[in-house]
Amino acid sequence: MKGVKKADLPTKTCPVCNRPFTWRKKWERVWDEVKYCSDRCRGDARKREGGRQDDAPRS
């Protein structure tokens with residue numbers, strides 16, 4: 001049987017949830033560009049970027 005053990009796959013750490021995630025077949029061509037472990041974390045990252053202006057007082 002051919003294949004690679006899951007323990008031997010490359011991993012990255014998600015900058016939003018700080019959890020490790022492993023390489024997936026669908027990311028084969030774009031692995032260098034993958035930053036987030038899920039669509040949820042990608043969406044949360046966008047919310048965080050837009051929410052940084054909350055420090056300014058509102059009138």
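Trainee: What makes you say that the charged end of Lys-12 sits over the ring of Trp-31?
Mentor: The label needs NZ of Lys or CZ of Arg within 6 Å of the ring centre and within 35 degrees of the ring normal. For Lys-12 and the Trp-31 ring the distance is 4.6 Å, so that part of the test is passed. Bear in mind that this is a predicted model: local features need pLDDT of at least 70, side-chain atom pairs count only at pLDDT 80 or more, and totals for chains, interfaces and linings use all residues. Residues are numbered from 1 along each chain as its sequence is written, and side-chain values use heavy atoms, with hydrogens and water left out.

Trainee: Trp-31 has ring partners too. How many aromatic pairs does a search of the whole structure find?
Mentor: Three of them. Rings of Phe, Tyr and Trp (its six-membered ring) pair if their centres lie within 6.5 Å; planes under 30 degrees apart are stacked, over 60 edge-to-face, and the rest tilted.

Trainee: Take Phe-21 and Trp-31, then. Why is that pair called edge-to-face?
Mentor: Their ring centres are 6.0 Å apart, which is within the pairing limit, and the planes stand at 70°, which is over the edge-to-face cut-off, so the name fits. The two come from distant parts of the chain, with Phe-21 in strand S2, Trp-31 in the loop between S2 and helix H1 (39–50), and those positions ten residues apart. Together with Trp-27, they form one aromatic cluster.

Trainee: Where do those helix and strand labels come from?
Mentor: They're DSSP runs, numbered from the N terminus: helices are H or I with at least four residues, strands are E with at least two. This chain has one helix and two strands, in the order β-β-α from the N terminus on.

Trainee: Phe-21 and Trp-31: buried or exposed?
Mentor: Both are buried. That means under 20% relative accessible area; exposed is over 50%, and partly exposed is in between (1.4 Å probe, protein chains only). Of the chain's 59 residues, 15% count as buried.

Trainee: Next, the cysteines. How many disulfides does the rule give?
Mentor: Zero. The rule asks for a pair of cysteine sulfur atoms within 2.5 Å. For Cys-14, the nearest cysteine sulfur belongs to Cys-17 and is 3.7 Å away, so the pair fails the test. Cys-37 fails as well, because the nearest cysteine sulfur, that of Cys-41, is 3.7 Å away.

Trainee: What makes Cys-14 and Cys-37 count as buried?
Mentor: Cys-14 has a relative accessible area of 0%, so it passes easily. Cys-37 comes in at 18%, which is still under the cut-off, so it is buried too.

Trainee: And which residues does Cys-14 touch beyond its sequence neighbours?
Mentor: Contact means heavy atoms within 4.5 Å. Leaving aside neighbours within four places in sequence, Cys-14 contacts Arg-19, Phe-21, Lys-35, Tyr-36, Cys-37 and Cys-41. With Tyr-36, the C-alpha atoms are 5.0 Å apart although the residues are 22 apart in sequence.

Trainee: What about Pro-15, and why is it only partly exposed?
Mentor: Pro-15 is in the loop between strand S1 (11–13) and strand S2 (20–22). Its relative accessibility is 48%, which falls in the middle band, so partly exposed is the right label. Its contacts beyond four places in sequence are Lys-35, Tyr-36 and Arg-48.

Trainee: What is odd about the backbone of Asn-18?
Mentor: Asn-18 has a positive phi of about 60° although it is not a glycine. This residue also lies in the loop between S1 and S2, and at 57% relative accessibility it is over the cut-off for exposed, so it gets that label.

Trainee: How do you know that Lys-25 and Glu-28 form a salt bridge?
Mentor: A salt bridge is a side-chain nitrogen of Lys or Arg within 4 Å of a carboxyl oxygen of Asp or Glu. The closest N and O atoms of Lys-25 and Glu-28 are 3.1 Å apart, so they qualify. Lys-25 is exposed at 58%, while Glu-28 is partly exposed at 45%.

Trainee: A search of the whole structure finds two salt bridges. What makes Arg-42 and Asp-39 count as one?
Mentor: Their N to O distance is 2.4 Å, which is within the limit, so the pair counts. They are three residues apart in helix H1, which means about one helical turn separates them. Arg-42 is partly exposed at 39%, and Asp-39 is exposed at 59%.
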